[in-house]
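Visitor: I am new to this structure. Please take a close look at a single part of it, and then tell me about its surroundings.

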Amino acid sequence: MTKFWPTVAALMWKDILLELRTRDIVISVLAFALLSLVIFNFALGPSPQITPVVAPGVLWVAFTFAGVLGLTRTFVLEKDQGNLVGLLLTPTSREAIYVGKMLGSLFFMLLAEIIILPVFAVLFNISPFRPELLLVILLATIGFASMGTLFSAIAVNTRSREIMLPMLFLPVVVPIIIGAVMASGTALEGGSWSDMVKSIQLIAVFDVLALVFSAFAFEHVLQE
Amino acid sequence: MPIGAVLKNGLFVVSATMMLVVLYLVFMWVPTDNIQGTVQRIMYFHVPVAWVAFLAFFIVLVGSVGYLWKRTSKWDQLAYSAAEIGVLLTTLLLITGIIWAKPIWGVWWTWEPRLTTSLMLWLIYVAYLMLRAYSPPGDQGARYAAVLGIIGFIDVPIVYYSVKLWRTVHPQVIVGPAATGELDSSMRILLLIAAVTFTLLFVYLLTDRFSLRKSEDEVELARGLAESLR
C-alpha cells in the first residue's frame, strides 16, 4: 500500500490539472448557478421588499443544483476513459481514492461558489462577505461533496445517470439545505453567532456522519 | 404441500379474515370520536400503516447491512422486497394523512415534522426503487441499493430534527383543534388489533414477494447460463 496522503494529493492534483486544461466543471457550474439566479429574479418579481426574505433560499437552490451538476461530472471522465479500473488496480486504499475525489469536488464547488457570491450580492443588493456566511458555505459544501462523491460513484454506473444523481442526492441532503438556509438567513440579517449555533451544529453533525459513512461505503461501491 | 406453502396460505387466510374483522369493528363497533367525528376512524388504518411502513424500512436496513456483510443474495432479496412494500405503505400513509388533515386541520398539507419526514422517507425509498431499476443487474446493483438502504435509515432522525428546528424559525399557520385527546379504552384495543392485523398482512406480503424475487433471480441466472452456452 502506498502512503495515504500522498495518494490523496496525487489524485487531487490529477483532477485539478484536468480541470485547468478542460475547464469543464467550474464553467458549467458557474453558468448554471448564474442562470438560476437570473431566473429566480424573474420568478419572484423585482419588488425590493421580497428580496431579503428569499435571498438565502435562492442562494442555496443555486448552490445545490449547480453542485449536483458538477458532481455528475466527477466520475464521468474516470468511467468513460476506463480510468477507474486503472485506479482500482493500483495498490491504494479505497479510502484514499474517496478522500482524493471528495477533496477535488470540494475544491471546485468552493471555487464556483466564491465566484458566484459577488454576482449574487450585486443582483440581490446584499453584502454577503461576512465570516459567518463563509463558514456556513464551507461547512455545507463539505457535506455536499462528501455525500455527493459517494452518490456520484453510484450514479455513474446506472442508466440515465443525470437524473439518478439528483434523485439520490437531494432527499438525503435535506438537513444540510435546511441548516444552511437558516444560518445564512441569520447571517445576512446580521444576526449573532448564538442565533445560528443550532443550525451550524446540525450541518457539522451531518458532515461528520456523511464523511465517516461514505468513506466506509465507498469500498463497497467501487468493486468492479 | 410443503410446510412453507402451508404457513404462507395460513398467513393469508388469517390476515384476510382479521382485516374483515377490523373493518367491521372500525365502522360498526368503536364509538365515534366526539370532537373529530367519523373522520377519526381513518386513524385505525393510518397509525398501523405508519408502524408497518417503519418496520419495512427497518427490514431494508437489516437486509442491506446483511448483504454488505455476508454477500449472499437472500439478504438483498429481503431488502428489495421490504423496500417495495415500504414505498406502497408510505404512499398509503401519506394519502390517509392528507384525507384526515383537510377536515381536521383545515389544510391538506402542512410542513409539520412528522409529515415532512414521511415525505422525505417516501422520496428516499422511491429513489431506492429507481436505483434498482437503473442499476446493472446482479451484485453491483445490490451493493448500490444496500448503501442507499443504510443511508436512508440513518438520515431519518436527522431530517426529523432539522425540520423541527426549521419550524421554530418559521412560525406556522395555527391549524385546527389539536388531535391529542385521550383515547377511549375500546379505541386503544381496536388500534392494537389493527396494528397486529397490518403486521400479519405485511409479513404475508413480504414472504410472498421474497419467494417471487428468489424465483426471478433464479430465472435470471438460468437465462444467463443459457446465453453463455449458446
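Guide: The expected span of a helix is 1.5 Å times one less than its number of residues, where a helix is a DSSP run of H or I at least four residues long, a strand a run of E of at least two, both numbered from the N terminus. Let us apply that to helix α5 of chain A, residues 94–124. Its 31 residues reach 43 Å from the first C-alpha to the last, close to the 45 Å expected at 1.5 Å a residue.

Before we go further, please keep in mind that this is a predicted model, in which local features need pLDDT (the predictor's confidence in each residue, from 0 to 100) of at least 70, side-chain atom pairs count only at pLDDT 80 or more, and totals for chains, interfaces and linings use all residues. Residues are numbered from 1 along each chain as its sequence is written, while chains are lettered from A and ligands numbered from 1 in the order in which they are written.

Back to α5(A): a kink of about 25° lies at A:I116, and the proline A:P118 follows shortly after. That bend is the angle between axes fitted to the seven residues ending there and the seven starting there. Just past the end of α5(A), A:N125 has a positive phi of about 55°.

How confident is the predictor about this chain? Chain A has an average pLDDT of 87, with 99% of the residues at 70 or above. Among its elements, α4(A), residues 83–89, has the lowest mean, 82, and α6(A) the highest, 92.

Helix α6(A), residues 131–155, also leads us into the largest nonpolar core, to which it gives the largest share, 14 residues. A nonpolar core is a set of buried Ala, Val, Leu, Ile, Met, Phe, Trp, Tyr and Cys residues joined through C-beta atoms within 7 Å. This one has 121 residues, and A:L168, B:A56 and B:A79 have the most contacts inside it. Leaving aside residues up to four places away in sequence, B:A56 touches B:A82, B:I85, B:G86, B:L89 and B:F202; two residues touch when their C-beta atoms, placed from the backbone, lie within 7 Å.

For contrast, look at A:I27 in helix α2 (residues 24–44) of chain A. A:I27 counts as exposed because it has 12 C-beta neighbours inside 10 Å; 12 or fewer means exposed, 20 or more buried, and anything in between partly exposed.

The two chains meet through 25 residues from chain A and 25 residues from chain B. On the chain A side, α7 (161–172), α8 (174–188) and α9 (193–221) each give two or more residues, and α9(A) gives the most, nine. That side divides into 16 nonpolar, seven polar and two charged residues. Here Ala, Val, Leu, Ile, Met, Phe, Trp, Tyr, Cys and Pro are nonpolar, Asp, Glu, Lys and Arg charged, and the others, Gly among them, polar.

Finally, the partner: chain B contains six helices and zero strands, and buried residues make up 33% of its 230 residues. Its pLDDT averages 85, but falls below 50 over residues 173–178. For the complex, the predictor gives an ipTM of 0.88 and a pTM of 0.89.
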